[in-house]
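Here is a walk through a structure you may be meeting for the first time. Keep the view open as you read, and turn it whenever a residue is named.

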Amino acid sequence: MWVGALRRLAGLLVLAGGITAFASLSVALLLGESVSRAVSVGFYLVGSFLTIAGFFVGNRGPVRLKRDVGVPLFGSRIVRWATPEEREESINTSAIYVVLGFALIFLGVLADTRYSLV
């Protein structure tokens, strides 16, 4: 079970990192900027976005909107309580976003050539 989960997480990291690196390289070449700096900034931006998105997805409350609501008349409810599965999915999605975000920020630190890590 853990091996499969780590394999899927590595796949997500490779996909997110590859798309980010490709987009950053494209912007660097288009603007004539330093490639290493553009890639590191791209990793920082996407990693920060995913971390913040994970925070907001995880802080979603226990109330959800009803899907089949027409016009609310005389106090009819347009919200419902989330099921335990929905709450668990929200927490799991948040964890994936935050882990991917931190991993991309770490890749940005590794790609940044302005500072030596040793």
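Start with Thr20 and the residues around it. Leaving aside neighbours within four places in sequence, Thr20 is in contact with Gly42, Phe43, Val46 and Leu104. Thr20 itself sits in helix H1. Is Thr20 buried or exposed? Its relative accessibility is 7%, and because buried means under 20%, Thr20 counts as buried. Bear in mind as you look that this is a predicted model.

Not every residue of helix H1 is hidden in this way. Gly18 also belongs to H1, yet Gly18 has a relative accessibility of 38% and so counts as partly exposed. If you would like a sense of scale, look from Gly18 across to Ile52: the two are 34 residues apart in sequence, and their C-alpha atoms lie 20 Å apart in space.

Now follow one of the contacts of Thr20 to the other side. Phe43 lies in helix H2, and with a relative accessible area of 7% it is buried. Which residues does Phe43 touch, not counting those up to four places away in sequence? They are Gly17, Thr20, Ala21, Leu104, Ile105, Leu107, Gly108 and Ala111. Another pair gives a second sense of scale: Phe43 and Gly11 are 32 residues apart along the chain, with 17 Å between their C-alpha atoms.

Step back to see helix H2 as a whole. It has 24 residues and reaches 34 Å from its first C-alpha to its last, close to the 34 Å expected at 1.5 Å a residue. Phe43 has company in being buried: Ala38, Val39, Ser40, Gly42, Gly47, Leu50, Thr51 and Gly54 of H2 are buried too. What covers the buried residues of H2 includes H1 and H3. A general point helps in reading such a list: an α-helix has 3.6 residues a turn, so residues three or four places apart point the same way.

Helix H3 is the next stop. Running from residue 84 to residue 111, H3 contains 28 residues. From first C-alpha to last it reaches 41 Å, close to the 40 Å expected at 1.5 Å a residue. Where do its buried residues fall? They are Ser90, Ser94, Leu100, Gly101, Ala103, Leu104 and Gly108. Leu104 is already familiar as a contact of Thr20 and of Phe43. The buried residues of H3 pack against helix H1 (2–31), helix H2 (35–58) and strand E1 (63–65).

Just after H3, look for charged partners. How many salt bridges does a search of the whole structure find? There are three. In one of them, Arg37 pairs with Asp112, the closest N and O atoms being 3.7 Å apart. Arg37 lies in helix H2 and Asp112 in the segment after H3, so this pair ties together parts that are 75 residues apart in sequence. The two partners have different surroundings: Arg37 is partly exposed, with a relative accessible area of 32%, whereas Asp112, at 7% relative accessibility, counts as buried. Asp112 also meets Arg114 in a salt bridge, at 3.3 Å from N to O. Arg114 is partly exposed, at 48% relative accessibility. Together, Arg37, Asp112 and Arg114 are linked in a network of salt bridges.

The side chains of Arg80 and Glu86 form another salt bridge, at 2.9 Å from N to O. Both ends are partly exposed: Arg80 has a relative accessible area of 26%, and Glu86 one of 25%.

Arg80 and Glu86 lead straight to the last stop, since both are among the residues that line the largest pocket. This pocket has a volume of about 180 Å³. The rest of its lining is made up of Val57, Arg60, Arg64, Leu65, Arg67, Glu89, Ser90 and Thr93. Which element gives the largest share of the lining? That is H3, with four residues; E1 and H3 each supply at least two. By class, the lining has two nonpolar, two polar and six charged residues. Ser90 is worth a second look here, as it is both a buried residue of H3 and part of the pocket lining.

Conventions. Residues are numbered from 1 along each chain as its sequence is written. This is a predicted model: local features need pLDDT of at least 70, side-chain atom pairs count only at pLDDT 80 or more; totals for chains, interfaces and linings use all residues. Side-chain values use heavy atoms; hydrogens and water are left out. The expected span of a helix is 1.5 Å times one less than its number of residues. Buried means under 20% relative accessible area, exposed over 50%, partly exposed in between (1.4 Å probe, protein chains only). Contact means heavy atoms within 4.5 Å. On a 1 Å grid over the protein atoms alone, a cavity is a set of points where a 1.4 Å probe fits but cannot get out, and a pocket is an open set with protein on both sides within 12 Å along at least five of seven lines; lining residues have an atom within 4 Å of a point. Grid points are joined across faces, edges and corners, and a volume is the space filled by probe spheres set on the points. Ala, Val, Leu, Ile, Met, Phe, Trp, Tyr, Cys and Pro count as nonpolar, Asp, Glu, Lys and Arg as charged, and the others, Gly among them, as polar. A salt bridge is a side-chain nitrogen of Lys or Arg within 4 Å of a carboxyl oxygen of Asp or Glu.
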